[in-house]
Amino acid sequence: MLCLRLRLWLQPGTQVCTVSLQKIHKLASLQKATTLQPKKVQSLLYPFSDLDAYLDRSVDRTPFQLFHPSLEDMLKAEKLFYSSPSHKIDYYISAERIDHAPALKQPEVCFIGRSNVGKSSLIKGLFSLTPEVEVRVSKTPGHTKKMNFFRVGKAFTIVDMPGYGHKAPKDFVDMVEPYLHMRKNLVRTFLLVDGSVGLQRADLIALEMCEEIRRPYVIVVTKIDKCGHGTLLTNLMNLQDVVKTQTASCFPQPLLVSSLHFLGIYLLRCFIAHVTGSIKLTDTSQS
């Protein structure tokens, strides 16, 4: 039923792509996802569904399903990630200081996280429908040294921030904190945490920084494919306990992703489109 509904929305004539598919990852679009088995499609769109069966019945599932958009919502969001002459997606500029940041008016979201958490890989996954957009990815921690700005037409901007922790730029604090404090058009910060190792000391410091700034942020749990269900659930429950007891500005639901297998990428695209006001949800999802 899930795949059938998707295919109905993607009948010939539905304009969801304006660039060649030759270089696009096989799972980059919802249209490609419908070729898989229904259970696999469910996992791609809503990664938490794979973990649900392993949770004790006494565990409250509500915090994991606050943002649960429809397939139609995800399709609307996906269209924003295709480039066209009237909706150009591109790398715009890099900046080392807040006073070097471009004066853009559209809503902005930024991604921060520990070095080697998979931040650049995730952003590359988000832009996989527009392969001509260059997002540099390296296996070497601390590869990103500047704030990199990517424009998604006139809809919103995505900012890839330098990683903190191991091999972080020496001026990381001077670069990132003023941006988070002063950037007027910043509507959401995405704090990335490695799901295979859980919250680290550096992550807790970053979380405290986000709390002090008192601007809304979301935790994105990356690399969920790198460990077993037991390890992931343990790390996820610990994370949820911290969010519940130590945060006031964090969205209660963590977003689970795997850049390698595209788990949760569609959901994250939809969340970004929603919080930037680029789409209106058709259901009662919250953020």
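**Note on cavities, salt bridges and selected residues**

1. About 50 Å³ of space lies in the second largest cavity. The model discussed here is predicted. A search of the whole structure gives three cavities of 30 Å³ or more. The second largest cavity is lined by Val193, Asp194, Gly195, Gly198, Leu199, Val221, Leu232, Asn235, Leu236 and Leu239. Strand E5 (186–194) and helix H9 (229–246) each contribute at least two residues to this lining. Helix H9 provides the largest share, namely four residues. By class, the lining of the second largest cavity holds six nonpolar residues, three polar residues and one charged residue.

2. Asp194, which belongs to that lining, also takes part in a salt bridge. Its partner is lysine 223, and the closest N and O atoms of the pair are 3.9 Å apart. Aspartate 194 sits in strand E5 and lysine 223 in the loop between E6 and H9, so this salt bridge ties together parts that are 29 residues apart in sequence. Are the two partners buried or partly exposed? Aspartate 194 counts as buried because its relative accessibility is 7%, a value under the 20% limit. Lysine 223 has a relative accessible area of 22% and is therefore partly exposed.

3. The largest cavity holds about 60 Å³ of space. Its lining consists of Leu180, Leu186, Thr189, Cys210, Ile213, Arg215 and Tyr217. The elements that give two or more residues to this lining are strand E5 (186–194) and H8. Five of the lining residues are nonpolar, one is polar and one is charged. Strand E5 thus appears in the account of both cavities: it supplies at least two residues to the second largest cavity and two or more to the largest cavity.

4. One residue of the largest cavity's lining, Cys210, leads to the matter of disulfides. How many disulfides does the structure contain? The count is zero. A disulfide is a covalent bond between the sulfur atoms of two cysteines. For cysteine 210, the closest cysteine sulfur is that of cysteine 110, at 7.8 Å, which is too far for a bond; the cut-off applied is 2.5 Å. Cysteine 210 is buried, at 3% relative accessibility. Cysteine 270 is likewise classed as buried, at 0% relative accessibility.

5. Salt bridges number nine in the structure. One of them joins the side chains of arginine 183 and glutamate 108, with an N to O distance of 2.8 Å. Arginine 183 is found in the loop between helix H7 (172–182) and E5, whereas glutamate 108 belongs to strand E2 (residues 108–113), so the pair ties together parts that are 75 residues apart in sequence. Both arginine 183 and glutamate 108 are buried.

6. Another of the salt bridges links aspartate 52 to arginine 61, at 2.6 Å from N to O. Which class of exposure does each partner have? Aspartate 52 is partly exposed because its relative accessibility is 27%, between the limits of 20% and 50%. Arginine 61 has a relative accessible area of 19% and therefore counts as buried.

7. Two residues deserve a check of their backbone angles. Arginine 214 shows a positive phi of about 60° although it is not a glycine. Its place is the loop between helix H8 (201–213) and strand E6 (217–222). Phenylalanine 262, also not a glycine, has a positive phi of about 70°. This residue is located in the loop between strand E7 (255–256) and helix H10 (265–275).

8. Are these two loop residues buried or exposed? Arginine 214 is exposed, as its relative accessibility is 71%, over the 50% limit. Phenylalanine 262 is buried, with a relative accessible area of 2%.

9. Glutamine 240 is a residue of helix H9, the helix that gives four residues to the lining of the second largest cavity. With a relative accessible area of 11%, glutamine 240 is classed as buried. Which residues does glutamine 240 touch, leaving aside those up to four places away in sequence? They are Pro63, Phe64, Pro252 and Pro254.

How values were computed
Residues numbered from 1 in each chain as written. Predicted model: local features only at pLDDT ≥ 70, side-chain atom pairs only at ≥ 80, totals over all residues. Heavy atoms only, no water. Buried < 20%, exposed > 50% of the residue type's maximum accessible area, 1.4 Å probe, protein only. 1 Å grid on protein atoms, 1.4 Å probe; cavity = no way out; pocket = protein on both sides within 12 Å on 5 of 7 lines; lining within 4 Å. Points joined across faces, edges and corners; volume = space filled by probe spheres on them. Nonpolar A, V, L, I, M, F, W, Y, C, P; charged D, E, K, R; others polar. Salt bridge = Lys/Arg side-chain N within 4 Å of Asp/Glu carboxyl O. Contact = heavy atoms within 4.5 Å.
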